[in-house]
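Subject: Structure handover

Hi,

Here is the structure I said I'd pass on, with my notes underneath. Could you have a look at the model alongside them?

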Amino acid sequence: MGEITKVYKQSVGAMRFIGKKYGNDDRVDGSFGAKWGEWFENNWFEALERQSNGQLKEIYEDGDAYIGLMREKDGVFDYWIGMFAPQNATVPQGFEHVDFPQGELGVCWVYGKEWEVYAQEGPCGERLEKEGYDVNTDWCFERYVCPRFTTPDEQGNVVLDICFYIK
């Protein structure tokens, strides 16, 4: 299991998540890794980056990260892959969107081997609450920030951000 090495609050403006939605039936061997592979094969991230006209970092500090957005509502689990964009961004054909208001994120950095950092939403939510944050569990997301996720350190470890909106 990955280790939570950093916990902090981050302010974000109103933003639009643009991506594609998947469900449990889309898992292969229990994960959405094949869907991520499809995203890279089809250059869908590049399409979203072009759509945002270089404004990704203006949304918030880590605005250019790839996102795995999650929620469970009425017993149905949704997993979205995509990126945040400015709140008024046009949604390209073939993609869907979710709008989020301005707010505060509770962010946890999960450190470990790549296979250790996934599925840590529960421990991260608990840690944020232990730190005194009121966690909104409607949505949470994995944030794949370059280079802390994409370039392993000398021990072969990466950092995956797990984020929740906090009240």
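The charged end of Lys20 sits over the ring of Phe95, 4.6 Å from the ring centre. A similar arrangement turns up with Lys6, whose charged end is over the ring of Tyr8, 5.1 Å from its centre. Bear in mind as you read on that this is a predicted model.

Phe95 also belongs to an aromatic cluster, together with Trp36, Trp39, Phe40, Trp44, Phe45, Tyr66, Tyr118, Tyr144 and Phe149. Across the structure, the count of aromatic pairs comes to 20.

Next, the salt bridges. As a general point, side chains of opposite charge can pair when their charged atoms come close. There are eight salt bridges in this structure, and I'd pick out three.

Arg16 pairs with Asp99, with the closest N and O atoms 2.7 Å apart. Arg16 is in strand S2 (residues 15–22) and Asp99 is in strand S5 (residues 96–100), so this bridge ties together parts that are 83 residues apart in sequence. The two ends sit in different settings by accessibility class: Arg16 is buried, at 15% relative accessible area, while Asp99 is partly exposed, at 43%.

Arg148 forms a salt bridge with Asp62, and here the closest N and O atoms are 3.5 Å apart. Arg148 lies in the loop between S7 and S8, and Asp62 in the loop between helix H3 (56–59) and S3, so the pair ties together parts that are 86 residues apart in sequence. Asp62 is buried, with 5% relative accessibility.

Then there is Arg143 with Asp161, where the closest N and O atoms are 2.9 Å apart. This one links distant parts of the chain, with Arg143 in strand S7 and Asp161 in strand S8, 18 residues apart. Both Arg143 and Asp161 are buried. Through shared partners, salt bridges join Asp62, Arg143, Arg148 and Asp161 into one network.

While you're around Arg148, look at the peptide bond between Cys146 and Pro147: it is cis, with omega about 10°. Pro147 is in the loop between S7 and strand S8 (158–166), and that loop also holds Arg148.

Now the pocket. How much space lies in the largest pocket? About 600 Å³. It is lined by 31 residues, and the closest to its centre are Met70, Tyr79, Ala119, Glu121 and Glu142. The elements that give two or more residues to the lining are helix H1 (33–41), strand S3 (66–73), strand S4 (76–86), helix H5 (121–130) and strand S7 (135–144). Which element gives the most to the lining? That is S7, with seven residues. If you care about the chemistry of the lining, by class there are 15 nonpolar, seven polar and nine charged residues.

Ala119 deserves a second look on backbone grounds. Its phi is near 60°, a positive value in a residue other than glycine. Ala119 is in the loop between helix H4 (114–117) and H5. Is this residue buried or exposed? Ala119 is exposed, with a relative accessible area of 58%, and it is also one of the residues closest to the centre of the largest pocket.

Asn43 is another non-glycine residue with a positive phi, near 55°. Asn43 is found in the loop between H1 and helix H2 (44–51). It counts as partly exposed, because its relative accessible area is 40% and the partly exposed class runs between 20% and 50%.

One last item, in case you want a distance to check. Ala65 and Pro123 are 58 residues apart along the chain, and their C-alpha atoms are separated by 22 Å. Ala65 is in the loop between H3 and S3, where Asp62 is also found. Ala65 is buried, at just 2% relative accessible area.

If you only have time for part of this, here is where I'd start:

- the network that joins Asp62, Arg143, Arg148 and Asp161
- the cis bond between Cys146 and Pro147
- the largest pocket, with S7 giving seven residues to its lining
- Ala119, with its positive phi near 60°

Cheers

Conventions
Residues numbered from 1 in each chain as written. Predicted model: local features only at pLDDT ≥ 70, side-chain atom pairs only at ≥ 80, totals over all residues. Heavy atoms only, no water. 1 Å grid on protein atoms, 1.4 Å probe; cavity = no way out; pocket = protein on both sides within 12 Å on 5 of 7 lines; lining within 4 Å. Points joined across faces, edges and corners; volume = space filled by probe spheres on them. Helix = DSSP H or I, 4+ residues; strand = E, 2+ residues; numbered from the N terminus. Nonpolar A, V, L, I, M, F, W, Y, C, P; charged D, E, K, R; others polar. Phe/Tyr/Trp six-rings, centres within 6.5 Å; stacked < 30°, edge-to-face > 60°. Lys NZ or Arg CZ within 6 Å of the ring centre and 35° of its normal. Buried < 20%, exposed > 50% of the residue type's maximum accessible area, 1.4 Å probe, protein only. Salt bridge = Lys/Arg side-chain N within 4 Å of Asp/Glu carboxyl O.
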